[in-house]
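Me: Please take a close look at a single part of this model, its charged pairs, and set them in the context of the chain. How many salt bridges does the structure hold? Where a pair sits in a helix, please also say how far apart the partners are along the chain.

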Amino acid sequence: MSGWRDADRRTAADRRKQENDAARARLAERVRNRPLSLVKPALSAAFVALLIFALLLAFT
């Protein structure tokens with residue numbers, strides 16, 4: 001056995017892999033069940049950029 005292990009007998013690599021798997025599962029769940037939560041911020045940012053662009057064109 002190599003590497004330091006915690007009380008659950010996991011190494012840092014084991015914990016990192018478990019965290020990455022959990023993050024991937026959360027993203028997949030969000031995409032599957034709430035896709036607008038990913039699209040809505042991008043659309044909002046695009047709309048704000050469009051408004052700023054329109055204001056710049058109007059006053060130049």
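Reply: Residues are called exposed when their relative accessible area is over 50%, buried when it is under 20% and partly exposed in between, with a 1.4 Å probe and protein chains only. The model is a predicted one, in which local features need pLDDT of at least 70 and side-chain atom pairs count only at pLDDT 80 or more, while totals for chains, interfaces and linings use all residues. Residues are numbered from 1 along each chain as its sequence is written, and side-chain values use heavy atoms, with hydrogens and water left out.

The structure holds five salt bridges (a side-chain nitrogen of Lys or Arg within 4 Å of a carboxyl oxygen of Asp or Glu). To place them, some context on the chain is useful. The protein has two helices and zero strands (DSSP runs numbered from the N terminus: H or I of at least four residues for helices, E of at least two for strands). Along the principal axes, its C-alpha atoms fill a box of roughly 70 × 30 × 15 Å. Of the 60 residues of the protein, 3% count as buried.

The pairs in helix α1 come first here. This helix covers residues 12-33, and Asp21 is found in it. Asp21 is a partner in two of the pairs described below, with Lys17 and with Arg24.

Take the pair with Lys17. The closest N and O atoms of Lys17 and Asp21 are 3.0 Å apart in their salt bridge. Lys17 and Asp21 are four residues apart in helix α1, so about one helical turn separates them. Lys17 has a relative accessible area of 52%, so it counts as exposed. Asp21, at 33% relative accessibility, counts as partly exposed.

The pair with Arg24 also lies in helix α1. In the salt bridge between Asp21 and Arg24, the closest N and O atoms are 3.2 Å apart. These two residues are three apart in helix α1, which again means a separation of about one helical turn. Arg24 is exposed, because its relative accessible area is 56%. The side chains of Asp21 and Arg24 also make a polar contact, at 3.2 Å (N or O atoms within 3.5 Å; within protein, one must be able to donate a hydrogen and the other to accept it, and residues adjacent in sequence count only if both atoms are side-chain atoms). For a sense of scale along the chain, the C-alpha atom of Asp21 is separated by 15 Å from that of Val31, ten residues away in sequence.

A separate set of names appears in the network of shared partners: Asp6, Asp8, Arg10 and Arg15 are joined into one network by salt bridges that share partners. One of the bridges of the structure links the side chains of Arg10 and Asp6, with 3.4 Å from N to O.

Asp6 deserves its own paragraph. Asp6 is placed in the segment before α1. With a relative accessible area of 17%, Asp6 is buried. Its partner Arg10 counts as partly exposed, because its relative accessibility is 25%. The side chain of Asp6 also has polar contacts with the backbone: it reaches the nitrogen of Asp8 at 3.0 Å and the nitrogen of Arg10 at 2.9 Å. Asp6 thus meets Arg10 twice, through the side chain of Arg10 in the salt bridge and through the backbone nitrogen of Arg10. Asp8, whose backbone nitrogen is reached by Asp6, is also named in the salt-bridge network.

One backbone detail belongs to this stretch. Arg9 lies in the segment before α1, as Asp6 does. Arg9 is not a glycine, yet has a positive phi of about 65°. Most residues other than glycine have a negative phi.

To put the two settings side by side: Asp21, in helix α1, is partly exposed with a relative accessible area of 33%, and its bridges run to Lys17 and Arg24. Asp6, in the segment before α1, is buried at 17% relative accessibility, and it bridges to Arg10 within the network that also names Asp8 and Arg15.
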